[in-house]
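Visitor: Could you take me through one part in detail, the place where the two protein chains meet? I'd like to hear how the partners are arranged there, too.

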Number of protein chains: 2
Amino acid sequence: MPDSLRQFKAEIFQALAHPTRIAILEQLRDGELTAGSFGDRLGLEQANLSQHLAVLRGKQIVTTRKAGNQVFYAVRDPLILDLLELMRRYFHKYVGDSLALMEEMEKAEERRG
Amino acid sequence: MPDSLRQFKAEIFQALAHPTRIAILEQLRDGELTAGSFGDRLGLEQANLSQHLAVLRGKQIVTTRKAGNQVFYAVRDPLILDLLELMRRYFHKYVGDSLALMEEMEKAEERRG
DNA sequence: TCGCTATATTAGAAATTGCGAATATAATGA
DNA sequence: TCATTATATTCGCAATTTCTAATATAGCGA
């Protein structure tokens, strides 16, 4: 395989290689959201959030739709979410039960609102 | 989800985010190989190869087995290979219709020298 | 022991990444 | 028009990554 093709794959992995960007993509699992709503949910500086969104845009991992004042973001292809799901399984397989339990608790809390 | 969990996922993605390391893992698809054989196959500096192997070892993506003079490397869990397979599908899906992205890749390659 | 092979580690430089602060742009409504 | 809101971009700096060159370690056979 030519190195340029591996370069492409590496660049996608690189774009995913940040906790904030993973958080952003996880929030987009169920559909599009405005840029600002991530900040509210994740508690980030506005500029910082925008920079991370720019990385995801740069690799066309997300698409954008402008609606008046706001910009809606969505994951371009669910394959990316499949990648994250695989990673979630990998995580559960190798990280201790205590951490996995923490994650369960967090999710329960999220469902509760 | 606690950020420390996303941190774990991000670190795995980071470990995958280099063409050389992707090449190494692809070579390990069919079983273990000695450290040296990658160098022969990929044409890398010995030290550089060893550093990339160290990154994969550091995240326990690969396991090692010492046999006399040599060290055999293997992928610890096929889930990692599934990740690469998903990425391969993602690549084929989008490189064909995205000239802009190809141009980006070319530019990136130019910048890299 | 010595010398050879395989592999790993360290050091230092160049490039890249991530952050907050400040600034810019664009849409909306008074 | 002006002010406000939502979002993006630029700048400067610290931290990280990647590379080459040099050095270190370990196993093996003479």
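Guide: Happily! Between the two chains, 33 residues of chain A are in contact with 32 residues of chain B, contact meaning that C-beta atoms, placed from the backbone, lie within 7 Å. On the side of chain A that touches chain B, helix H1 (3-16), helix H2 (19-27), helix H5 (78-94) and helix H6 (97-112) of chain A each supply at least two residues; helices here are DSSP runs of H or I with at least four residues, numbered from the N terminus. H1(A) gives the largest share of that side, twelve residues. Sorted by class, that side of chain A holds 19 nonpolar, five polar and nine charged residues. Nonpolar covers Ala, Val, Leu, Ile, Met, Phe, Trp, Tyr, Cys and Pro, charged covers Asp, Glu, Lys and Arg, and polar takes the others, Gly among them.

A word on the model itself: it is predicted, with local features needing pLDDT of at least 70 and side-chain atom pairs counting only at pLDDT 80 or more, while totals for chains, interfaces and linings use all residues. Residues are numbered from 1 along each chain as its sequence is written, and chains are lettered from A and ligands numbered from 1 in the order in which they are written.

Now the arrangement. Of the interface residues of chain A, 82% are also interface residues in chain B, so the copies meet through the same surface. Chain A is superposed on chain B by a rotation of 180 degrees with 0.0 Å of shift along its axis (RMSD 0.1 Å), fitted by least squares on the C-alpha atoms of residues with pLDDT of at least 70 in both. The two copies are thus related as by a two-fold rotation axis.
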